[in-house]
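Hi everyone, thanks for giving me a few minutes. I'd like to walk you through one chain, so let me put it up on the screen.

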Amino acid sequence: MTHSLLIVIGNLGRDPELRYTPEGTAVASFSVATTRTWKKGDETQKETTWYRVSVFGKQAENCNQYLHKGSKVYLEGRLNPDPATGGPRLYNKQDGSPAASYEVVANTVKFLSTNGEKQE
């Protein structure tokens, strides 16, 4: 069985969190945001999509050590759908509006921010 490959380029929304499975495998978790902007008449429109990312093994330890909130990353991996819905995880934002986040299991994480680069 083949899996689809998902590529995401975005910025970390928070610092990675590192934990270890009972077997001793490192797992790093963090969120990544992608934003697209476009013009609609004279107004600039903006849409942000959030991804919850899990990375395993030595790569997880590297992510925990070198990535921080705002870091730009390139991810390759697969979508992990919500078992209850088969789609993204749905939730309400702090202002009460609906939102969704997508869970990604990353096989490859490339660091795109350079040391000392101002994060946006």
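I'll start with the overall layout, then go through the strands, the aromatic rings and a pocket.

One thing to keep in mind: what you're looking at is a predicted model. So what is the chain built from? It has 1 helix and 7 strands. If you follow the chain from the N terminus, the elements come in the order β-β-β-β-α-β-β-β. The C-alpha atoms fill a box of roughly 55 × 40 × 30 Å, taken along the principal axes. And of the 120 residues, 29% count as buried.

Okay, on to the strands. Let's begin with β2, residues 17-20, and β3, residues 26-40. They pair in the antiparallel sense, over 4 bridges. To find the pairing on your screen, look for R19, which stands opposite V27 in β3. β2 and β3 form a hairpin with 5 residues between them. In that turn sits G24, and it has a positive phi of about 95°.

Now move along to the other neighbour of interest. How many bridges join β3 to β4? There are 14 of them, and β3 and β4 run antiparallel. One place to look is W38, whose bridge partner in β4 is Q45. β3 and β4 make a hairpin too, with 2 residues between the strands. Here G41 takes a positive phi, near 70°.

While we're at W38, have a look at its ring. R36 lies over the face of W38, at 4.0 Å from the ring centre.

Two more residues in β3 deserve a stop. A26 lies in that strand, and A26 counts as buried because its relative accessibility is 4%, under the 20% cut-off. A26 and A60 are 34 residues apart in sequence, yet their C-alpha atoms are 6.0 Å apart in space. The other stop is F30, also placed in β3. Is F30 buried or exposed? It's buried, with a relative accessible area of 1%. Compare its position with S4: F30 and S4 are 26 residues apart in sequence and 21 Å apart in space, C-alpha to C-alpha. So there's a handy lesson for reading a structure, and you can see it by putting those two pairs side by side: A26 and A60 have 34 residues of separation and 6.0 Å between them, while F30 and S4 have 26 residues and 21 Å.

Next, β4 and β7. Unlike the hairpins I just showed, which are antiparallel, β4 and β7 run parallel, joined by 5 bridges. If you want a spot to zoom in on, V53 has V104 as its bridge partner in β7.

That brings us to the aromatic rings. How many aromatic pairs are there? The count comes to 2. In one of them, the rings of Y51 and Y102 have their centres 5.8 Å apart and their planes at 40°, so the pair is tilted. This pair links distant parts of the chain, with Y51 in strand β4 and Y102 in strand β7, 51 residues apart. Y51 counts as buried, at 14% relative accessibility. Y102 is partly exposed, with a relative accessible area of 30%.

Then there's Y66 with F111. That pair is tilted as well, at 6.2 Å centre to centre and 50° between the planes. It also links distant parts of the chain: Y66 is in helix α1, residues 58-66, and F111 is in strand β7, 45 residues apart. Both rings belong to partly exposed residues: Y66 has 48% relative accessibility, and F111 has 35%.

Last stop, the largest pocket. About 230 Å³ of space lies in it. Which residues line it? They are E47, T48, T49, W50, Y91, K93, P98, A99, A100 and Y102. You've met Y102 already, as the partner of Y51 in an aromatic pair. Strands β4, residues 43-56, and β7, residues 98-111, each supply at least two residues of the lining. By class, the lining has 6 nonpolar, 2 polar and 2 charged residues.

That's my tour. Thanks for listening, and feel free to spin the model around yourselves.

Terms used. Residues are numbered from 1 along each chain as its sequence is written. This is a predicted model: local features need pLDDT of at least 70, side-chain atom pairs count only at pLDDT 80 or more; totals for chains, interfaces and linings use all residues. Side-chain values use heavy atoms; hydrogens and water are left out. Two strands pair if DSSP finds at least two bridges between them. On a 1 Å grid over the protein atoms alone, a cavity is a set of points where a 1.4 Å probe fits but cannot get out, and a pocket is an open set with protein on both sides within 12 Å along at least five of seven lines; lining residues have an atom within 4 Å of a point. Grid points are joined across faces, edges and corners, and a volume is the space filled by probe spheres set on the points. Ala, Val, Leu, Ile, Met, Phe, Trp, Tyr, Cys and Pro count as nonpolar, Asp, Glu, Lys and Arg as charged, and the others, Gly among them, as polar. Rings of Phe, Tyr and Trp (its six-membered ring) pair if their centres lie within 6.5 Å; planes under 30 degrees apart count as stacked, over 60 as edge-to-face and the rest as tilted. Buried means under 20% relative accessible area, exposed over 50%, partly exposed in between (1.4 Å probe, protein chains only). A charge sits over a ring if NZ of Lys or CZ of Arg is within 6 Å of the ring centre and within 35 degrees of the ring normal.
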